[in-house]
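Here is a friendly walk through one protein model, written for someone who would like to find their way around it at the bench. Please keep the structure open beside the text as you read.

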Amino acid sequence: MDEDTATLLLGLEGVAVAEAALDEAGNPVLALVTAWRDARCCPSCGMRSTRSLGLVITRPRDLPLAGRPTVLARTKRRRACGNTACARASFTESVPQIPPRTRLTGRLRSAVGAAVADGGRTVIQSARDHEVSWPTAHASFALHAASALPAETPPVEHLGIDEIRRGKPRFRQVVTDDGDAWEVTADRWHVGFCDLSGGAGLLGQVEGRTAATASAWLDAQTDAWRAGVRVAAIDMCTVFKAAVRESLPHAVLVVDRFHLAVGQHRAPRTPPPRHPPAARPTRPQGQSRVGTSQQAHPLRSADARETSGSDGR
Ligand SMILES: [Zn+2]
């Protein structure tokens with residue numbers, strides 16, 4: 001197979017196969033060179049570089065080729081920017097499918113993210129299937145999801161804010177002026193923001209359950225978006241009340257019915273009046289607790305009679 005055919009079969013935009021071989025396990029090993037005109041252009045100023053500073057070899061990870069894991073050895077040049085007005089002195093050639101400072105090809109990253117976002121796989125399962133780490137799989141999923149999300153939060157008139165519990169908290173020990181202390185690195189509580197009437201669904205979810213956390217998300221939206229929120233519905237939580245007062249001072253603050261009902265249900269009730277001992281229902285002497293239960297349920301009582309008859313008891 002010649003190199004042009006190998007390049008065609010690999011189909012990785014921006015690179016060409018300079019040499020193709022098989023390793024001991026019979027998997028393809030491909031030596032790649034840059035085949036992208038703009039790879040010579042400085043990423044800061046766009047000027048075409050004419051001076052090479054040497055070669056660099058990297059080993060980007062890619063999708064299997066015809067079901068076989070493929071080893072890629074990519075040779076690229078480090079180049080000097082000839083523009084004296086440019087702040088960047090040097091750069092390495094990059095191609096669309098292998099951006100700078102990334103070890104995965106774009107199509108492998110897309111496949112890892114799509115397996116979670118569209119294929120319904122968990123992050124850890126996608127990581128195992130594609131032989132990447134959990135953080136890499138999660139970053140790929142976040143990238144994939146971000147491309148599907150609108151650039152700006154859709155306008156909302158009725159905003160719902162509530163907390164969501166997720167996973168377990170994680171801590172790390174830090175040294176402070178007052179001695180050792182534990183710092184939360186992963187909060188089990190998140191705050192979710194949703195559209196209650198416009199159909200936009202979940203708008204955002206941020207880690208933590210403080211007024212500052214909720215306010216930070218609200219403050220990150222545009223002025224027009226905040227001005228469009230007429231009503232903010234929360235539970236009876238002073239944290240969310242403070243966030244709305246701080247970031248949406250014009251909005252009408254309401255407590256939703258669900259949390260009112262739940263709050264009422266959980267509130268301590270007035271204790272019932274004490275009955276005199278004689279008025280309490282008492283179990284007749286000699287009757288077992290099981291017998292009392294059966295009397296309270298006619299069907300179960302009938303079953304019990306049949307069982308009793310068949311057993312001869
Ligand atoms: Zn430059």
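The report below starts with the whole chain, then takes up strands, helices and a few single residues.

**The whole protein**

Please bear in mind that this is a predicted model. Its secondary structure comes to ten helices and twelve strands. Of the 313 residues in the protein, 19% are buried. If you look at contacts between residues at least 6 apart in sequence, 50% of them join residues at least 24 apart.

**Strands β1, β2 and β4**

A good place to begin is the hairpin formed by β1 and β2, which has five residues between its strands. In the turn sits Gly 26, with a positive phi of about 85 degrees. The pairing of β1 with β2 (residues 28-34) is antiparallel and runs over seven bridges. One pair to look for is Leu 22 with its bridge partner Pro 28 in β2.

β2 also pairs with β4, this time in the parallel sense and over five bridges. Here Val 33 has Thr 75 in β4 as its bridge partner.

**The open sheet around β6**

Now turn to another part of the chain. Which order do the five strands of the open sheet follow? The order is β10-β9-β6-β11-β12, and the pairing is mixed. At the edges are β10 (202-207) and β12 (252-255), each of which pairs on one side only. On average, neighbouring strands of this sheet are turned by 25 degrees against each other, direction ignored.

Strand β6 (residues 158-165) shows both kinds of pairing. With β9 (residues 189-195), β6 pairs in the antiparallel sense over seven bridges, and Leu 159 stands opposite Asp 195 in β9. With β11 (residues 231-234), β6 runs parallel and is joined by three bridges; there, His 158 has Val 231 as its bridge partner in β11. As general background, strands of a sheet pair through backbone hydrogen bonds, either parallel or antiparallel.

The table gathers the strand pairings described so far.

| Strands | Sense | Bridges | One partner pair |
|---|---|---|---|
| β1 and β2 | antiparallel | seven | Leu 22 and Pro 28 |
| β2 and β4 | parallel | five | Val 33 and Thr 75 |
| β6 and β9 | antiparallel | seven | Leu 159 and Asp 195 |
| β6 and β11 | parallel | three | His 158 and Val 231 |

**Helix α7 on the sheet**

Helix α7 (residues 238-247) lies across β6, β11 and β12, and runs at about 165 degrees to β11. Which residues of α7 are buried? They are Val 239, Phe 240, Ala 243, Val 244 and Ser 247. Seen down the axis of α7, these buried residues fall within an arc of 130 degrees, so they line one face of the helix. The spacing has a simple background: an α-helix has 3.6 residues a turn, so residues three or four places apart point the same way. The cover over the buried residues of α7 includes the strands β6, β11 and β12, together with α5 (211-219) and α6 (223-228).

**Helices α2 and α3**

Another pair worth a look is α2 (residues 106-117) with α3 (residues 123-130). Their axes come within 8 Å and cross at roughly 145 degrees, and the crossing is right-handed. On the α2 side, the contact is made by Leu 108, Ala 111, Val 112, Ala 115 and Val 116. The α3 side brings Val 123, Ser 126, Asp 129 and His 130. By class, the contact has six nonpolar, two polar and one charged residues.

**Three loop residues**

Leu 12 is found in the loop between α1 (3-10) and β1 (15-22). Is Leu 12 buried or exposed? Leu 12 is buried, because 25 other C-beta atoms lie within 10 Å, and the cut-off for buried is 20 or more. Leaving aside neighbours within four places in sequence, Leu 12 is in contact with Asp 62, Gln 97 and Thr 105. Leu 12 and Val 95 are 83 residues apart in sequence, with 9.6 Å between their C-alpha atoms.

Ala 66 is found in the loop between β3 (51-58) and β4 (71-80). Its phi is near 55 degrees, a positive value in a residue other than glycine. Ala 66 is exposed, with 7 other C-beta atoms within 10 Å.

Glu 131, in the loop between α3 and α4 (134-148), has a positive phi near 55 degrees. With 12 C-beta neighbours inside 10 Å, Glu 131 counts as exposed.

Methods: Residues are numbered from 1 along each chain as its sequence is written. This is a predicted model: local features need pLDDT of at least 70, side-chain atom pairs count only at pLDDT 80 or more; totals for chains, interfaces and linings use all residues. Two strands pair if DSSP finds at least two bridges between them. Helices (H or I, at least four residues) and strands (E, at least two) are DSSP runs, numbered from the N terminus. Axes are lines fitted to C-alpha atoms, for helices over the stretch in contact, and angles run from 0 to 180 degrees between N-to-C directions. Two residues are in contact if their C-beta atoms, placed from the backbone, lie within 7 Å. The arc is that of the directions from the helix axis to the C-beta atoms. A crossing is left-handed if the near helix is turned anticlockwise from the far one by less than a right angle, and right-handed if clockwise. Ala, Val, Leu, Ile, Met, Phe, Trp, Tyr, Cys and Pro count as nonpolar, Asp, Glu, Lys and Arg as charged, and the others, Gly among them, as polar.
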